[in-house]
Amino acid sequence: MRLQKLKKLLQFDTAGWIASSSLLICAVSGILLAIPYDFTKAHQSVSEILLYNPAASLVRNLHYWSAQLFFIFSILHVYDHLSKSTETNIRNRRKWLILCLAIVFLGYEMISGFILKGDAAGIQARRILASLLESVPFFGKLLSSAFIGVGENSQIVYIQHVATGTILLFIAVYDHVKTIWPKRKSWIIVFLIILILSLLFRAPLGQADSAHIKGPWFFVGIQEMLHLTSHPAYIIILIFLLLTVIYFLPQFRKNYRILTKRILLGTGIFYLIMTMVALLFRGENWEWKSWSENKLSGEQLLIFDPVDLFTSDTLKIIPENQRRESCLICHASMKGLSESHNPAVMGCVACHKGDPFATGKSMAHRNMILVPGNFSNVRQTCGTQNCHADITDRMQQSLMTTQSGIIAVDKFVFGETASLNDTFHIQNLGHSAADTHLRNLCAGCHLSMEKTKTGNAEWLERGGGCNACHLHYNDQATESMKRMQAKTSVAAEEIHPTIDIQVSNDRCLSCHSRSGRISLSYEGWNERGEGAAKNGSAQTKVLPDNRVVEFVQADVHHQKGMACIDCHTSYDLMGDGKHHAHKEDAVSVQCVDCHTTGKVNSIAVSSLPDKESQMIAWLRKADPKTKVVLTSKDQHPLMNTRVDSLDRIFLTDKLSGKDHESKPAASVCTKGKGHSRLSCEACHTAWVPQCIGCHNTFEKETAGFDLLTGKTTKSTWVEFAGNSFAEPPVLGVNSATNQVVTTMPGMVMSIDKESFEKEKGKSFHRLYAPTSGHTTQREGRSCKSCHNDPLAIGFGRGELIYSVAGNKGSWSFEPRFELNPNDNLPEDAWTGFLKEAQPPSATRDWLRPFNVVEQKRILEVGACLNCHDEKSKVMDQALGNYEQTLKRRSRKCVLSF
Amino acid sequence: MQKQKNISRKIFIRSLAVFSFGFMSWIWYRISSFQTERESRIEFRHGNDIPLGISYFEKYYLIRTENSLRAFSTTCTHAGCRIGKNNENSLQCNCHGSRFEAETGKPLKGPAIKPLQEFECRFDEKTGQWVVKLQPIGKTT
C-alpha cells in the first residue's frame, strides 16, 4: 500500500507535462537571466553573477535545472510514447514533422545554453558545432552562419537560443497538445523540485582558459564518438539517419516498427555507455584517465553550493582588471608572489584548485590542493597545458625523478641486472634484495616524494615535485603561515611563499649531500660520518641528520659567489625529455663551454632554439642581438652568459646578479700532446670524498624504514661504512673517448645476500665511479700529485718508491691498507700495482683504471720528476714534446722500465 | 486566335514564394560569404625578429626553422576546435586528443587525419615585416 502511495506521489503527472512545466520555468528564468547576462563578455558576466549576485545566481540555477529536467523528461516522454506505440495516433504528417524537428531544436537549445556560458568548454563546443554544421553538404555554411554565426562572436547563438529555439519548442508543444499551460498542481510540484535543486546545487561554470575540455553531460557521448572517428561527418549522418527513421516510423509495418524501436533503444543504451565512459574516464586532452585522477580535473555534475539569498552586500568587488575568482574576494591582498604568478592575473585556482565561484569559505576550499606541484597533482596544477606541461613531461623522465642510474648500479652489484645501462624508474621498485636495499637506504631522494606540509622543506623532507626547488618561504611567509595555522591571520597580513627560479644551493643540498656529496663538496665540506668526533684543528659543523662535516676547500666557483643553477640549466636539472641511464648523460654543461680555448659556441638571443630560453630572454628584456653561450654537448643556451664582440664570455650570477668574466683555458692546458687526453677535472679537482668501502647486511630483527612508501618495516638493510677521506681524485680512463677522467670509490662493498635470502651467498665488488668533484681549483694539481702518487694512479694509499740500481730504475709500492681477501688488493685500491684490472671495475662499462702500459708511462714521467723540478725547463719541454726530450736525455738519467 | 494561358493565383503565389525563398537564401549566402571572406583578407604583420620554434597566435601559429617561416591555422582539422601548444615541436587539440607536428602541420596522433591548413605567409621587403593572411595557401582573394 505504502509503495503504491509513493509511486502515485512520484508519478504526479506524465513525463510530457513535467517537461512542459520545466520549459515554462526555463523560459521565464531565461528572461530574468537576460538582465545580468552579457554575451559580449559571457564568461565574465556569468562569473560575476556567481560571485556578487545571489538572486541572479538562483535564477541561473533555475534556468539550468529546468533545462535539464526539460531535456530528461522530453526524452522520457518520447520513450513513453514509442513504448506504447502511440505514434500511429498522429495521422497528420506535418504535426509529426514538427515533433521530429523539435528533437533537433531541443538539442540545439541545450548545447547553445552550454556555449553561452563562455567558458573554455563552451567556446570549443561552439567551434565543434560550427564545424559539424559546415560538414552538411550544400547548406553547411548557411546552417553554420545562421545558427552559430561567423567568427568568434556569440551574438547569433544568443539570439537563436532566446528567440528561434525557444519559440519553435513552444510551437512544438502547442502544436500537439493545443496548450502550453500545464496543470497547476504539476507545475507547482515541478517548480518546487527545481527550486530545491537550484537552492542547493549550482549550475556549472568552467574556467575561461581551462585546457580541460569536456562538453555537457548529455553531449559527452558525442564527444567520445567524435574522438573515436576521424570523420565527424559520420556523426551528422548518424543523427540525420536517426531523425529520418523516427520521421518515417509511423508508416512502417508493425513488425518493422518493433524492430526499429529496439534498434533505437539499443542506440540509446550504447550512447549512455559512451556518456559514462566520457564522464568518468576522460581527462585533459581527452586522454584516458583513472577515476581518481579524473575526479580532480573533471567538472562536477552536482555542485553542492547553497544559494545564500540573504547575504549582506559587504562583499568586496574584485577590481575590473583582475581574475574573477571568489578566492580573490578574501585573499585579495595576498603578497609575496612574483609577477609570473601574480594572483590578480592567474587567480588561485590554477594552482590550488578548489571552487572559484563558491562564496563561502568551506565551499570555496572544497577539493583544494594545499601543496600543489607534487607529482600526485602536478598535471592538474603546475603542469596543465596552459602552464608548464612540457617541463612536467620532461621531469617525469629526469634522473631526479627516476633515480635510474642509482638503481641500475645497485641492481648490478646484487646480480639482478647484467647491464649497467638498463634504465629504471624508482616507482617501479619491487621487493627483491636490491629493491629492498634501495627502499631502505636510497629511495628517499627523488622528486616524486610527496610534500605534505606547508613551510620550507626540512632536512629529511625531500622531493615534493616542483616544490623541491621552486618553493621558498622567506621569514615573512613563514610567519604568515604560522599565523594562518594558529588561525590568527587576517587577510591583510597574508604572504605567500615565492614560486621562483632563484633556486639557492640549500635546495640541492638535502639530496646531494648524499652519494657523490657534490653539494657538500662544492661548498668545501667533507663528511666524516654520523656522530664522528670533531677534529680540533678543522672547522666542523653538524648537519641536521647528525652527520659531522669538516671544511676542506670550497670550489672556486662557489668562492666567486656562483650557485649550482649558474651552470646547471633547467635541461640538466629537470631533464631533456629523454630517459637517461646515468648523470653524465643527463648533464649538458661542461667546463669548456665557458673556459673555451677556441671560438665560443654562441647564439644570438633572436635565434634561441627553445621556448623556455626565449621566455627567459623576454622576461629579462634581453637585447635580441646579444649572444649567449651554447653548451657544446646538447646546444642548450646558458641564459646567464653573454659573449661580447671580442669573444669574451661573461657570466651573471642568477642569485646575486654579480658579473664574472670567464677566463679561457690556460696555455698549459693545451700545450703539446702530453696532456691532451686529460679532462679539465683531472687537473683542477682539488679533492673528492673517498670512502674505503662498506659492508651491507640485512637485519631481520632490526626495524627500518621504506623510504619509497614512508612506512616502517620490521627488517632492514644496514650499511657499515669504513673510513672517509678528502683527497685528490683517483684518475681513470673513459674508454669511449680515451680521456683521462676523475673517479672515486663508487660501490666498493661486500653484501651478505644470504642474510636476505637463503643460498644467495655473499658478494664483493670493487667498482669505482666517474665523478665530477665540484671542488674546482684555479691552479691545476702538481705533476707529482699524479705521476708519483699511488692514489691518483689507482694503487691506493701507501708509499711509491723509486729505486735505482746501476743504470736501471725500478718502482715498488708499499700499501698503507691491508689486502682484502676477496681480491687480494689493498682495501683502498682500484687496481693492482703494475697489474691489469679484472672487469667489472667501474659503475660504468666505459670506465676503467689505467692498464699496465699506461701505469708504466705515468711512472716513467714520475721517475723524471724524482730529479727534475716540475717547473724546470726540461719538464716544460717534455710537456711540449716528450719523445724528443727523452732523446736528448743525459747519461745520468735513469728511467724506469 | 491563340488561346491565352492563365496562371492561377495559387500557382502565382507558390512561384512567388519559391522565388522569394530562393532570393532570401541567396542573400543569406552572400552575407555569410562576405563575413567569411572578410576574415581571410585581414593581414597580420610581424617584425623580422620572430624566434625559432613556435610563436602562437590565436588563429594561427608561426613556425620558424633555420631556413623557413611558415604559418598554420590553429583550427583542428578533425572537428574545428582551437588547438594549443603542446611542446616545442607539436600542437595539441584538447577536445578530442589530436596532435600535430608543428613544422609541417601533419597529424601525429588521431583522430585528425588531415594536416593543418597552411596560411599565406610572405616577407614584405618594403616594410621588413612578415605578412600573414588567413588565406589557405594556393588560393587568392
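Select chain B and colour it by domain: domain 1 covers 8–41 and domain 2 covers 44–136. The model is predicted. The C-alpha centres of domain 1 of chain B and domain 2 of chain B are 36 Å apart. Switch to cartoon, and chain B shows 1 helix and 10 strands. The helix comes at the N-terminal end of the order, which reads α-β-β-β-β-β-β-β-β-β-β. The radius of gyration of chain B is 24 Å, whereas the globule rule gives 14 Å for 141 residues, so chain B is more spread out than a compact globule. Along the principal axes, the C-alpha atoms of chain B fill a box of roughly 85 × 40 × 20 Å. Of the 141 residues in chain B, 28% are buried. Counting contacts in chain B between residues at least 6 apart in sequence, 38% link residues at least 24 apart.

Now move to chain A and select helix 20, residues 404–413. Is helix 20 of chain A enclosed or exposed? In helix 20 of chain A, 10 of the 10 residues are buried, so the helix is largely enclosed by the rest of the structure. The buried residues of helix 20 include A:Ser404, A:Ile406, A:Asp410, A:Lys411 and A:Phe412. To see what covers them, add helix 19 (399–402), helix 21 (433–441), helix 29 (583–586), strand 20 (739–752) and strand 21 (762–770) of chain A, which are among the covering elements. After helix 20 of chain A comes A:Gly415, with a positive phi near 75°.

Next, select strand 11 of chain A, residues 649–652. Which side chains of strand 11 point to the buried face? A:Ile649 and A:Leu651 point to one face and are buried, while A:Phe650 and A:Thr652 point to the other and are not. Add strand 10 (residues 637–643) of chain A, which pairs with strand 11 of chain A in the antiparallel sense over 3 bridges. Here A:Thr641 stands opposite A:Leu651. The hairpin of strand 10 and strand 11 of chain A has 5 residues between the strands, and A:Asp647 takes a positive phi near 65° there.

Strand 12 (residues 659–662) of chain A is the next selection; its pairing with strand 11 of chain A is antiparallel, over 4 bridges. A:Phe650 has A:Glu661 as its bridge partner in strand 12. Strand 11 and strand 12 of chain A form a hairpin with 6 residues between them, and A:Gly657 in the turn has a positive phi of about 80°.

Go back along chain A to an open sheet of 3 strands, in the order 5-7-6, with antiparallel pairing. Strand 5 (525–530) and strand 6 (540–542) of chain A are the edge strands, each pairing on one side only. From one strand to the next, the twist averages 25°. Strand 6 of chain A is joined to strand 7 (residues 547–551) of chain A by 3 bridges. Label A:Lys541 and A:Val549: A:Lys541 stands opposite A:Val549 in strand 7 of chain A.

Finish at A:Val852, in helix 36 (residues 852–867) of chain A. A:Val852 counts as partly exposed because it has 15 C-beta neighbours inside 10 Å, and a buried residue would need 20 or more. Leaving out residues up to four places away in sequence, A:Val852 touches A:Leu834, A:Lys835 and A:Glu836. A distance label from A:Val852 to A:Phe833, C-alpha to C-alpha, should read 8.5 Å, with 19 residues separating the two in sequence.

Definitions and conventions:
Residues are numbered from 1 along each chain as its sequence is written. Chains are lettered from A and ligands numbered from 1 in the order in which they are written. This is a predicted model: local features need pLDDT of at least 70, side-chain atom pairs count only at pLDDT 80 or more; totals for chains, interfaces and linings use all residues. Two strands pair if DSSP finds at least two bridges between them. Helices (H or I, at least four residues) and strands (E, at least two) are DSSP runs, numbered from the N terminus. Axes are lines fitted to C-alpha atoms, for helices over the stretch in contact, and angles run from 0 to 180 degrees between N-to-C directions. A residue is buried if 20 or more other C-beta atoms lie within 10 Å of its own, exposed if 12 or fewer, and partly exposed in between; C-beta atoms are placed from the backbone. Two residues are in contact if their C-beta atoms, placed from the backbone, lie within 7 Å. The radius of gyration is taken over C-alpha atoms; the globule rule is 2.2 Å times the number of residues to the power 0.38. Domain bounds come from an automatic or database domain assignment.
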